[in-house]
Amino acid sequence: MKVLLTGGRGQLGRDIALALSGRIPPGGTRASLHRPPGLDRQTGVELVAPDHATMPVDNRLAVLTLVSELRPDVIIHSAAMTAVDACESAPDTAFQVNALGTRHLAEAASRVGAHLVYISTDYVFDGRSRRPYREWDDPGPLSVYGRSKLAGERECPFGATIVRTAWLAGVSGANLVKATLEQGTGSTPLRFVDDQRGSPTFTADLAPAVCTLALERLPGVFHVTNGGEATRFEVARETLALSGGDPDRVVPITTAELDPPRAAQRPEYSVLDNAALRLSGLPLLPDWHEGLERLIAALGSPSVEGGTR
Ligand SMILES: NC(=O)c1ccc[n+]([C@@H]2O[C@H](COP(=O)([O-])OP(=O)(O)OC[C@H]3O[C@@H](n4cnc5c(N)ncnc54)[C@H](OP(=O)(O)O)[C@@H]3O)[C@@H](O)[C@H]2O)c1
């Protein structure tokens, strides 16, 4: 089984690469690292993860050429322009990467008969629901990022897997948990928004689930997040509580109090019901508190890449 992964150097991509090589088993404990990509004897998966420069997804020729050469069985498309606020001032680039880039991967996948897996977002929803969004609810993105990711979903062929996830945190990349830990030793108040509710999700839990859906070629839209829901204020408080800091340093603010204000509007409520997984009898991810605890432990472990606070 040959898998081509885009965005393999990103926050989620790195953990997908580890999961494909069996180093994050289902259930999510992240083991050790630094094995180069290639054929993994444990899982029998041959992973190819070209970086941005090697295969810019918005370059049709580059995508078609590399995919035709490699002839993967499965393509996991995790690359995206993910800077939500930057997308507002560069909408053409956002659509070029997130929508047109996905079109190129869909075209390339169909040429070689590969199964396509597209990673999407809770920001396709408008946040006006008062119950968790199901896969079959109508989207209504509020931001350029959300619209460009929804456009990417619509570029996926029938039979592709679309994984909508949310509020990611992992060992790699910048995220709310790492930002909180980095400021954890000071005494100044940490201000976090308390009027947006979502589904905090940990890449060490998400990645094995993405790999299962990909390798089993399960078609359709799947919401895949950790269980439970929270605001960023609640996640930051819990992060300090679990890491021995003072949770009372975290102060709740409203979105309107953000200084400077963010360019992109976020949904007030974007909790995802993992209904397609649940109704298919597939395993659900653990509650977000559990994922957070394991991420904090991994970040404190010197054996883990990026594992210093
Ligand atoms: N982060 C979240 O909270 C969140 C929530 C919901 C859904 N998602 C989705 O989950 C996926 C992974 O997110 P993430 O947090 O892992 O993102 P990330 O850390 O920003 O990684 C994105 C990756 O895409 C690559 N990339 C960007 N533009 C590219 C291009 N034109 N061609 C090829 N590669 C390109 C980046 O490479 P360079 O850095 O070298 O440019 C990077 O490796 C994305 O599809 C995102 O939309 C993320």
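Which element gives the largest share of the shell around the ligand? In this predicted model, that element is strand 4, with three residues in the shell. Strand 4 spans 115–121, and two helices join it in giving two or more residues to the shell: helix 1 (11–20) and helix 5 (144–155). In total, 24 residues sit around the ligand, and those that come nearest are Leu12, His52, Thr82, Tyr145 and Lys149. As for chemistry, the shell is a mix: twelve of its residues are nonpolar, nine are polar and three are charged.

Now to the polar contacts. Tyr145 turns up again here, with an N or O atom of its side chain 2.7 Å from an oxygen atom of the ligand. On the nitrogen side, Asp58 places a polar side-chain atom 2.8 Å from a ligand nitrogen, while Val57 uses its backbone instead, with a polar atom there 2.9 Å from a nitrogen atom of the ligand. As for cover, the ligand taken alone exposes 900 Å², and the protein buries 77% of that area.

Turning to helix packing, two packed helices are described by the angle between their axes and the distance between the axes. For helix 2 (residues 60–70) and helix 4 (residues 91–112), the angle is about 25° and the axes are 9 Å apart. Angles under 35 degrees count as roughly parallel, so helix 2 and helix 4 run roughly parallel to each other. The crossing of helix 2 and helix 4 is a right-handed one.

Terms used: Residues are numbered from 1 along each chain as its sequence is written. This is a predicted model: local features need pLDDT of at least 70, side-chain atom pairs count only at pLDDT 80 or more; totals for chains, interfaces and linings use all residues. Side-chain values use heavy atoms; hydrogens and water are left out. A residue is near a molecule or strand if one of its heavy atoms lies within 4 Å of it. A polar contact is a pair of N or O atoms within 3.5 Å; within protein, one must be able to donate a hydrogen and the other to accept it, and residues adjacent in sequence count only if both atoms are side-chain atoms. Accessible areas come from the Shrake-Rupley method with a 1.4 Å probe; for residues, only the protein chains shown count as cover. Helices (H or I, at least four residues) and strands (E, at least two) are DSSP runs, numbered from the N terminus. Ala, Val, Leu, Ile, Met, Phe, Trp, Tyr, Cys and Pro count as nonpolar, Asp, Glu, Lys and Arg as charged, and the others, Gly among them, as polar. Axes are lines fitted to C-alpha atoms, for helices over the stretch in contact, and angles run from 0 to 180 degrees between N-to-C directions. Angles under 35 degrees count as roughly parallel, over 145 as roughly antiparallel, 65 to 115 as roughly perpendicular and the rest as oblique. A crossing is left-handed if the near helix is turned anticlockwise from the far one by less than a right angle, and right-handed if clockwise.
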